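Here are my notes for your reading of this structure, set out as numbered points. Please keep the sequence and the model open beside them and check each point as you go.

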Amino acid sequence: MPEALELLKTRTSPKAQDLIEPAPNESQLNEILTIAARVPDHGMMKPWRFVVLPKATRGPIVDKITANFRAGNPNASDAEVEKQRARFGGSPLIVTVIAKISPNPKVPDVEQLLSAGAACMNLLNAAHALGFAANWLTGWAAFDKSSGAVFGLAANEQIVGFIHIGTAKGELFQRPRPDMAQIVSRL
Ligand SMILES: Cc1cc2nc3c(=O)[nH]c(=O)nc-3n(C[C@H](O)[C@H](O)[C@H](O)COP(=O)(O)O)c2cc1C
């Protein structure tokens, strides 16, 4: 089987907390991001951008997200607040994927959003192809409006994924995959 197909067939996501060092180095990250930007993009609108959060410099961002979570969820327990911090603190590398949706009579909003989703998928596959593992997460920080200031989001931008990247700790859990007969039909 060609190597590319083998890679596509074997990609799977470990839990983010099971991602350990090493992370992609700078040149590997550049390669991953370049592949992420090579996705179908109707009208060449580039309806996405990437914000890299290396572990070494992520602290202040995680502090802000955690503080925002506490402020927005005054009834949350300390454990719930710390869970939010842990969600961002541990992964060797996180790439934030931001969709930028601009009015275009020929390119519906959903097509721009789907292109951003495709960029997320390419990030996962490129990381896997380079021997790393990755997980596409969203969660509270992706959707809460407080993240706008943290990530410098314009009014037409939204976070569509935090792609956690690193090296898988131990054996990868293989989740069951769909029964193709249930999801494929022919007319
Ligand atoms: C848009 C999107 C957002 C997701 N957000 C989360 C999340 O916040 N938490 C989570 O546990 N899994 C989330 N997932 C699921 C994981 O990314 C992952 O796909 C799944 O756990 C295992 O699938 P895989 O092994 O095929 O990658 C999300 C998936 C998608 C497509």
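1. Leaving aside residues up to four places away in sequence, Asp 41 touches Lys 46, Pro 47 and Ser 115. Asp 41 is placed in the loop between helix 2 and strand 2, and it counts as partly exposed because 19 C-beta neighbours lie inside 10 Å, where 20 or more would be needed for a residue to be buried. Between Asp 41 and Glu 157, which are 116 residues apart in sequence, the C-alpha to C-alpha distance is 16 Å. Please bear in mind throughout that this is a predicted model.

2. What is unusual about the backbone of Met 44 and Lys 46? As background, most residues other than glycine have a negative phi. Met 44, although it is not a glycine, has a positive phi of about 50°, and Lys 46, not a glycine either, has a positive phi of about 50° as well. Met 44 lies in the loop between helix 2 and strand 2 (48-54), and Lys 46 is found in the loop between helix 2 and strand 2 too. Met 44 counts as exposed because it has 7 C-beta neighbours inside 10 Å, whereas Lys 46, with 13 other C-beta atoms within 10 Å, is partly exposed.

3. A further point of backbone geometry concerns the peptide bond that joins Glu 21 and Pro 22, which is cis, with omega at about 5°. In general, most peptide bonds are trans. If you want to find this place in the model, look for Pro 22 in the loop between strand 1 (19-20) and helix 2.

4. Next, consider how two of the helices pack. A pair of packed helices is described by the angle between their axes together with the distance between those axes. For helix 2 (residues 26-36) and helix 5 (residues 109-129), the angle is about 145° and the axes are 8 Å apart, and the crossing of helix 2 and helix 5 is right-handed. Helix 2 contributes Glu 31, Ile 32, Ile 35 and Ala 36 to the contact, while helix 5 contributes Ala 119, Asn 122, Leu 123, Ala 126 and Ala 127. Sorted by character, the residues of this contact of helix 2 with helix 5 comprise 7 nonpolar, 1 polar and 1 charged.

5. Which residues are found around the ligand? They are Thr 12, Ser 13, Asn 135, Trp 136, Leu 137, Thr 138, Gly 139, Gly 161 and Arg 175. Strand 4 (residues 133-137) gives the most to this shell around the ligand, namely 3 residues. By character, the residues of the shell are divided into 6 polar, 2 nonpolar and 1 charged.

6. Is Gly 131 buried or exposed? Gly 131 lies in the loop between helix 5 and strand 4, and it counts as exposed because 11 C-beta neighbours lie inside 10 Å, the limit for an exposed residue being 12 or fewer. Gly 131 and Gly 166 are 35 residues apart along the chain, and their C-alpha atoms are separated by 9.3 Å.

7. Glu 6, whose place is in helix 1 (residues 3-10), also deserves a look. With 10 C-beta neighbours inside 10 Å, Glu 6 counts as exposed. The C-alpha atoms of Glu 6 and Leu 53 are separated by 29 Å, and these two residues are 47 residues apart along the chain.

8. Finally, the overall picture. The protein has 8 helices and 5 strands, and from the N terminus on its elements follow the order α-β-α-β-α-α-β-α-β-α-α-β-α. For 187 residues, a compact globule would have a radius of gyration near 16 Å, and the 18 Å of the protein agrees with this. Taken along the principal axes, the box filled by the C-alpha atoms is roughly 50 × 50 × 40 Å. Of the 187 residues of the protein, 29% count as buried. Among contacts in the protein with a separation of 6 or more, residues 24 or more positions apart account for 81%.

Definitions and conventions: Residues numbered from 1 in each chain as written. Predicted model: local features only at pLDDT ≥ 70, side-chain atom pairs only at ≥ 80, totals over all residues. Near = placed C-beta within 6 Å. Helix = DSSP H or I, 4+ residues; strand = E, 2+ residues; numbered from the N terminus. Nonpolar A, V, L, I, M, F, W, Y, C, P; charged D, E, K, R; others polar. Axes fitted to C-alpha atoms, helices over the stretch in contact; angles between N-to-C directions. Left-handed = near helix turned anticlockwise from the far one by under 90°. Contact = placed C-beta atoms within 7 Å. Rg over C-alpha atoms; globule rule 2.2 N^0.38 Å.
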